[in-house]
Amino acid sequence: MKNRSYYNLDYINTYLTFSTVYIFPLIIYYFHKRRLSKLHLIYSLIISVILSLFPVQPSLATLGQTNVRTVGYAHKFLSAIFGMESFLLNLILFILLLAGCYITMSLVIDLIKKFQDKSIDNPSIFSLLWISFLIIMPFSFQVWEKYLIMILPFYAAAIYTQIVTNIKNEKVNSSLQS
């Protein structure tokens with residue numbers, strides 16, 4: 001069965017959006033503990049708008065083999081509550097995508113800085129795994145939320161490591177200013 005394209009950008013949208021759903025409490029904690037960068041927010045907004053042109057949807061293979069119109073249980077649940085093509089569902093998915101883009105961009109920028117400073121540490125592997133997942137999975141034949149299950153612990157560890165590092169840096173900076 002043929003897919004929409006060789007590299008499916010809607011899969012990136014799906015994985016960024018639903019990774020945010022599945023680790024939502026950690027996402028709330030992340031935004032509570034971190035200062036938002038306006039520049040990162042603008043870039044994330046631009047990326048989110050571009051990725052929104054490739055909406056969350058099942059693969060052609062899934063549609064051809066089944067009658068399933070969602071990419072997993074969270075998508076099915078949200079679609080049942082708000083309606084499959086409703087404005088409210090699309091707004092919620094966009095906000096989740098924006099949060100996923102912001103956090104992923106933050107992880108990528110931190111990783112680039114570590115490479116430039118030649119200060120890669122062991123927890124950097126968590127960010128590398130998440131980024132690798134996002135690069136490789138759009139080549140896949142099908143898109144499902146369940147594929148996130150194998151990578152979510154590493155993504156959560158990358159986010160948590162970034163939160164802890166940020167808290168430590170703020171404490172060091174405040175003690176230096178005192």
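Guide: Welcome! Patches are made of residues with over 30% relative accessible area and no salt bridge, joining like charges within 9 Å and nonpolar side chains (Val, Leu, Ile, Met, Phe, Trp, Tyr) within 5 Å. This is a predicted model, where local features need pLDDT of at least 70, side-chain atom pairs count only at pLDDT 80 or more, and totals for chains, interfaces and linings use all residues. Residues are numbered from 1 along each chain as its sequence is written, and side-chain values use heavy atoms, leaving out hydrogens and water.

Visitor: Which residues form a nonpolar patch on the surface?

Guide: Leu39, Ile42, Tyr43, Ile46, Ile47, Ile50, Leu53 and Phe54 do, together offering about 760 Å² of accessible area. Such areas come from the Shrake-Rupley method with a 1.4 Å probe. Ile47 belongs to helix H3 (residues 38–52).

Visitor: How are aromatic pairs read, and how many does the count come to?

Guide: Rings of Phe, Tyr and Trp (its six-membered ring) pair if their centres lie within 6.5 Å; planes under 30 degrees apart are stacked, over 60 edge-to-face, the rest tilted. That rule gives eight aromatic pairs. Tyr7 and Phe139 make an edge-to-face one, 4.7 Å centre to centre with 70° between the planes. Tyr7 precedes helix H1 (9–22) and Phe139 sits in the loop between helix H7 (124–136) and helix H8 (152–177), so the pair ties together parts 132 residues apart in sequence.

Visitor: Which residues form one aromatic cluster?

Guide: Tyr15, Trp130, Phe133 and Tyr155 form that cluster.

Conventions: A salt bridge is a side-chain nitrogen of Lys or Arg within 4 Å of a carboxyl oxygen of Asp or Glu. Helices (H or I, at least four residues) and strands (E, at least two) are DSSP runs, numbered from the N terminus.
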